[in-house]
Amino acid sequence: MQEQSTFITKFINTRWFFLVGIVVTFLVHAPFLNRPPEGNHVWRQAHTLSMARNFYEEGMNPFKPKVDNRRMVEDGVTGSQFPAYEIVVAFVYQVVGEQFWVHRLWSFVLYLLGAFGMYLLFKELFERDLGASLAFWGYLWSPLLFYHGFTALPDILALPASIWGLYFFLKWWKWPTDAKTTTSKSLFFLASLACTTLGGLTKLQFLATGFFIGGLVLVNWNTLKFRQWLSLFFYALVAVGVSLGWYAYAMHLIKTSKLAEFGLEIRPVDTFGEAISILTSNLISDLPEVLLNYAGFVLLLVGIYSYHKKEKKNTSYRWPLLLWILGLAIYHIVELSQMEYHAYYMMPYIPVLLLFVGLGGEYLLEKKWLGILALLLLAQPVLATIRILPNEWMHESKKVPKELYNEDSRQRLIDMVPKGASCIVGIDPSNCIYFYYLNKKGYGISYRNELLTKEPWGQLKIDYYTGSGAEYIYLDDSSVFNRPEIQRNIDHVVGTEGRFIVAKLKKKAKNQNK
């Protein structure tokens, strides 16, 4: 038994453990490398990739994020999260052209950076390699990260940025105050500030690591020197101030353009019953199945027990961890309505959860429960793969119309309309998926009879849009297309593809109403 324990410990602490994890996860993902966006939250992927395409085609100014559902806003500029993820994708497009593999590979690199950052963070906190390696393993096989680590989602950049930000902060924090060499300490401080700010800019909730930092300050306030207080004040001012400043600017862009394509507002729930229902689902489904997978959840429970039993005497991080957890709990309640269908809003919880997962694995090894530990470690990749592949990448339904998903039919639809022509596109509840796949811009239709509703001054939307410059229409509902109110605006049908009808609209005198 002692020999088995030594072998497992040595293997987990070798580069082979990391290499096996990286190679296996890449091989599982590789068949889907050049696939277009699909699966859960495909609308968010389409938003992200259309913004990247617009940077690529219309200018690389990060202060002017643009959407395709532009309506009367000619340039499509509106407020969003800071488009760091999209800018990198657009930059690579400049070199290799627009390819699906670009965003998938970029997300995969960020996914691996997050896993390695999790290893370093655990090691810096608890000064042990074994639990750090297990935290790395848990990151790789979180179903949430296993999926979004291969999709176009800005959160997959914000998460590793926040993890590395906290790791670099701890390196700076633990640096001896009387050390002669201060260059490295300053670099750690600046690296932490840059990463934390980037995380907050990309998604504000990833500033939650600041609760841990605040806990460190509270525990050690009486030992801090003036220079440290000054550094901490500057850190908070920049990380929080720059992030909030960006979102104030984003809200200004939304107000100016009236293009509210991104939900930047706080979204609590309306009733107590709804809150209980969502929280119950989060606890019994999202946490064990999506955030960690069931094997990781077992390690989490063991880790919580282990921490209570063994680590409670370590007061250095007890209160910072509790404050971090409390901050995340407050965030969860404030954004509770988002937690019903958007599990990726829970990504900021991953670092805290994986710290306990690592502790749980250490405890099992210490107790010589080698078979249980080995089974849980092997089960993690299996469970993550089973949870994601059949539902997201191997399912017949791509959550995208087959006419758009299929490359040949998609290209035929694209070629029916000249590039740059303003189009009415629907019926797409997301107001972004159809636009992205068709590579068009214009007026989105999100529900069946929207074109037949009236503007405040009494004009039908179809008449208003054609009078505002719409030149073509894509509709996936023939019953709507054949309505007389629509037909009187049709010049001629350009073509059809499956259920999609494409038509040229009649030219009209420009609208005077706005």
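**Aromatic contacts, cavities and cysteines**

The charged end of Lys504 is placed over the ring of Tyr472, at 5.2 Å from the centre of that ring. The model in which this contact occurs is a predicted one. A further lysine, Lys203, lies over the face of Tyr345, where the distance to the ring centre is 5.7 Å.

Contacts between aromatic rings were also examined, and a search of the whole structure returns 47 aromatic pairs. One of these is formed by Tyr56 and Tyr93, whose ring centres are 5.5 Å apart and whose planes meet at 70 degrees, so that the pair is classed as edge-to-face, the threshold for this class being an angle over 60 degrees. Tyr56 belongs to helix H3 (residues 42–58) and Tyr93 to helix H4 (residues 84–96), and the pair therefore ties together parts that are 37 residues apart in sequence. The two partners are described separately with respect to solvent: Tyr56 has a relative accessibility of 26% and counts as partly exposed, whereas Tyr93, at 1%, counts as buried.

A second example is provided by Phe122 and Phe126, with ring centres 4.8 Å apart and planes at 45 degrees, so this pair is tilted. Both residues lie in helix H5 (residues 100–126), and because they are 4 residues apart, about one helical turn separates them. Phe122 is buried, with a relative accessible area of 0%, and Phe126 is likewise buried, with a value of 8%.

Internal voids were considered next. The search of the whole structure identifies 3 cavities of 30 Å³ or more, and the largest cavity has a volume of about 40 Å³. The lining of this largest cavity consists of Ser162, Gln205, Phe206, Ala208, Thr209, Trp324, Leu328, Pro348 and Pro351. When these lining residues are sorted by class, 6 are nonpolar and 3 are polar, while no charged residues are present.

With regard to the cysteines, a search of the whole structure finds 0 disulfides. Cys432 is accordingly in no disulfide, and the nearest cysteine sulfur, which belongs to Cys423, is 16 Å away; a disulfide would require the two sulfur atoms to lie within 2.5 Å. Cys432 has a relative accessibility of 3% and counts as buried. Cys195 is also buried, its relative accessible area being 19%, a value that falls under the 20% limit for this class.

Note on methods
Residues numbered from 1 in each chain as written. Predicted model: local features only at pLDDT ≥ 70, side-chain atom pairs only at ≥ 80, totals over all residues. Heavy atoms only, no water. Phe/Tyr/Trp six-rings, centres within 6.5 Å; stacked < 30°, edge-to-face > 60°. Helix = DSSP H or I, 4+ residues; strand = E, 2+ residues; numbered from the N terminus. Buried < 20%, exposed > 50% of the residue type's maximum accessible area, 1.4 Å probe, protein only. Lys NZ or Arg CZ within 6 Å of the ring centre and 35° of its normal. 1 Å grid on protein atoms, 1.4 Å probe; cavity = no way out; pocket = protein on both sides within 12 Å on 5 of 7 lines; lining within 4 Å. Points joined across faces, edges and corners; volume = space filled by probe spheres on them. Nonpolar A, V, L, I, M, F, W, Y, C, P; charged D, E, K, R; others polar.
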